[in-house]
Structures are given as C-alpha cells and as structure tokens.
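Please open the model in a viewer and keep the selection panel at hand. The stops below are meant to be followed in order.

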Amino acid sequence: MSPRHNRPRGGENPADRPDADPGRGPGLERYGLERTEEYQGEEWKVRHVAGASAAGKRYRCPGCDQEIPSGTPHLVAWPEYGGVDDRRHWHKACWNAKDRRTSRVQRSRNAPKY
C-alpha cells in the first residue's frame with residue numbers, strides 16, 4: 001500500500017483554487033491581510049482575526065449585538081480613514097449579512113437582552 005498523498009496531483013495552479021483571491025494570491029485573506037469593502041457609502045478595511053491572539057478579551061458584534069467569546073475567529077472592520085477607536089469586531093456571518101439587515105434600535109451595553 002502506498003502512503004497517503006496530501007498534495008494535489010497534477011500541475012494545479014494555486015491561483016485556480018476556490019479560496020484564491022484574484023490579484024492577491026492564493027487565499028491570502030485567511031492570513032490576516034487586509035482587504036477593502038464598501039459599507040454604508042464608504043470604504044472599510046476588513047481583516048480576519050484568528051481569535052487566539054486575543055485571549056481573555058471579549059467583543060460585542062455590532063451586527064447581532066451578541067458577545068464574541070475569547071478565542072473565537074472573527075473579523076475586524078474599520079472605516080478606511082478611521083482611527084483605532086473606529087474598529088469593530090464582527091462575526092464573519094454578521095459582516096456578510098450586514099447589507100441584508102434592517103435598521104433597529106440598539107440597546108445600551110448594560111440593558112437586559114429581552
């Protein structure tokens with residue numbers, strides 16, 4: 001019996017992989033590099049965060065208003081010309097659904113969830 005092969009066979013071009021971003025190389029977004037997206041009429045920088053580097057920190061997702069537990073992979077988004085205080089930590093699914101969500105009244109951080 002031959003050993004198991006973990007590499008793709010043939011001359012597959014890494015840029016042809018489904019997780020590849022055209023023009024930036026194969027799947028670079030998962031390595032913490034930034035990309036730019038449009039949201040609310042302005043450009044936002046978006047970066048994936050593994051979560052392991054933020055041990056002990058908790059964030060609140062502005063999309064669902066739920067807490068992002070420590071160590072959970074998520075992403076950070078901020079306006080292109082914003083500062084450190086403008087960064088927001090989002091669940092990936094919430095960021096992807098941000099344009100489909102309706103505007104709603106936000107509760108304060110110390111208000112009950114019901």
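The tour begins with the sheet, continues through the core and its aromatic rings, and ends in a loop.

**The sheet**

Please bear in mind throughout that this is a predicted model. Select strands 1, 2, 5 and 6 to display an open sheet of four strands, ordered 1-2-5-6 and paired in antiparallel fashion. Strand 1 and strand 6 (88-90) are its edge strands, each pairing on one side only. On average, neighbouring strands of this sheet are turned by 35° against each other, direction ignored. As general background, the strands of a sheet pair through backbone hydrogen bonds, in either a parallel or an antiparallel manner.

**Strand 1 and strand 2**

Next, restrict the selection to residues 35-39, which are strand 1, and to strand 2; the two run antiparallel and are joined by five bridges. Two of the residue pairings may be labelled here: Glu 38 has Glu 43 of strand 2 as its bridge partner, and Glu 37 has Trp 44 of strand 2. The two strands form a hairpin with two residues between them. In the turn, select Gln 40, whose phi is positive at about 55°.

**Strand 2 and strand 5**

On moving to strand 5, one finds six bridges joining it to strand 2, again with an antiparallel course. Label Arg 47 together with its bridge partner in strand 5, Val 76.

**The nonpolar core**

Which residues make up the largest nonpolar core? Select Tyr 39, Trp 44, Val 46, Cys 61, Cys 64, Ile 68, Leu 75, Ala 77, Trp 90, Cys 94 and Trp 95, eleven residues in all. Strand 2 (42-49), strand 5 (74-79) and helix 1 (92-96) are the elements that give two or more residues to this core. In soluble globular proteins, nonpolar side chains tend to be buried together.

Centre the view on Ala 77 and show its contacts. Apart from its neighbours within four places in sequence, Ala 77 is in contact with Trp 44, Lys 45, Val 46, Asp 86, Arg 87, Arg 88, Trp 90 and Trp 95.

**The aromatic rings**

Now display the aromatic side chains; five aromatic pairs are found in the whole structure. Select Trp 44 and Trp 95, which form a tilted pair with 6.1 Å centre to centre and 55° between the planes. This pair links distant parts of the chain, as Trp 44 lies in strand 2 and Trp 95 in helix 1, 51 residues apart. Add Trp 90: with Trp 95 it forms an edge-to-face pair, at 5.1 Å centre to centre and 80° between the planes. Trp 44 and Trp 95 are both buried, and Trp 90 is buried as well. Ring pairs link Tyr 39, Trp 44, Trp 90 and Trp 95 into a cluster.

Keep Trp 95 in view and add Lys 98. The charged end of Lys 98 sits over the ring of Trp 95, 4.1 Å from the ring centre.

**Strand 3 and the following loop**

Turn to Tyr 59, located in strand 3 (residues 59-60). Tyr 59 counts as partly exposed because its relative accessibility is 22%. Measure from its C-alpha to that of Pro 69: the two are 7.1 Å apart in space and ten residues apart in sequence.

The last stop is Asp 65, in the loop between strand 3 and strand 4 (67-68). Is Asp 65 buried or exposed? Its relative accessibility is 11%, so Asp 65 counts as buried. Asp 65 also has a positive phi, near 60°, although it is not a glycine. Most residues other than glycine have a negative phi.

Technical notes
Residues numbered from 1 in each chain as written. Predicted model: local features only at pLDDT ≥ 70, side-chain atom pairs only at ≥ 80, totals over all residues. Heavy atoms only, no water. Core = buried A, V, L, I, M, F, W, Y, C linked by side-chain atoms within 4.5 Å. Buried < 20%, exposed > 50% of the residue type's maximum accessible area, 1.4 Å probe, protein only. Contact = heavy atoms within 4.5 Å. Pairing = 2+ DSSP bridges. Phe/Tyr/Trp six-rings, centres within 6.5 Å; stacked < 30°, edge-to-face > 60°. Lys NZ or Arg CZ within 6 Å of the ring centre and 35° of its normal. Axes fitted to C-alpha atoms, helices over the stretch in contact; angles between N-to-C directions.
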